[in-house]
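Colleague: I am new to this structure and would like a close look at a single part of it. Could you take me through that part slowly, and then connect it with what lies elsewhere in the chain?

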Amino acid sequence: MTADLARVDDELLKAFIGKEVENEVTIQNHMLSEIGELKGDYTTLRKLDVAFNEFKSLKGIGHFPRLKQLSVYCCRLED
């Protein structure tokens, strides 16, 4: 990943989803700043770990309607 801030997109999610545990995604320390426009079906995703990134907002979290656990530890979330 380059030094530019990036967004969570379909390609990135497909690369990481179920990599360690089915229905879970862990993408830590990739300088991600936002959830982009997603076209895939992520209704089965239960856990999203995006700790140690540059998120300032949770805008777009609605793409994951069955999410049970969200980790944004050490992100820069604002109100």
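Modeller: Leucine 58 has a relative accessibility of 35%, and because buried would require under 20% and exposed over 50%, leucine 58 counts as partly exposed; please keep in mind that the model is predicted. This leucine is found in the loop between β4 (47-49) and β5 (69-71), and together with Leu70 and Leu77 it forms a nonpolar patch on the surface, where the three have about 210 Å² of accessible area together.

The loop between β4 and β5 also holds glutamate 54, whereas arginine 76 lies in the segment after β5, so this pair ties together parts that are 22 residues apart in sequence. The side chains of glutamate 54 and arginine 76 meet in a salt bridge, at 2.6 Å from N to O. Glutamate 54, at 23% relative accessibility, is partly exposed, while arginine 76, with a relative accessible area of 52%, is exposed.

A search of the whole structure finds two salt bridges, and one joins the side chains of arginine 7 and glutamate 34, with 2.5 Å from N to O. That pair links distant parts of the chain, since arginine 7 belongs to strand β1 (residues 6-8) and glutamate 34 to strand β3 (residues 32-35), 27 residues apart.

Aspartate 10, in helix α1 (residues 10-16), is buried yet has no salt bridge, and the nearest side chain of opposite charge, lysine 14, is 5.5 Å away. A polar atom of the aspartate 10 side chain does, however, lie 2.9 Å from the backbone nitrogen of lysine 39.

Methods
Residues numbered from 1 in each chain as written. Predicted model: local features only at pLDDT ≥ 70, side-chain atom pairs only at ≥ 80, totals over all residues. Heavy atoms only, no water. Helix = DSSP H or I, 4+ residues; strand = E, 2+ residues; numbered from the N terminus. Buried < 20%, exposed > 50% of the residue type's maximum accessible area, 1.4 Å probe, protein only. Lys, Arg positive; Asp, Glu negative; His and termini not counted. Salt bridge = Lys/Arg side-chain N within 4 Å of Asp/Glu carboxyl O. Polar contact = N/O pair within 3.5 Å; in protein donor to acceptor, adjacent residues only side chain to side chain. Patch = residues over 30% accessible without salt bridge, like charges linked within 9 Å, V, L, I, M, F, W, Y side chains within 5 Å. Areas by Shrake-Rupley, 256 points an atom, 1.4 Å probe, with all protein chains shown as cover.
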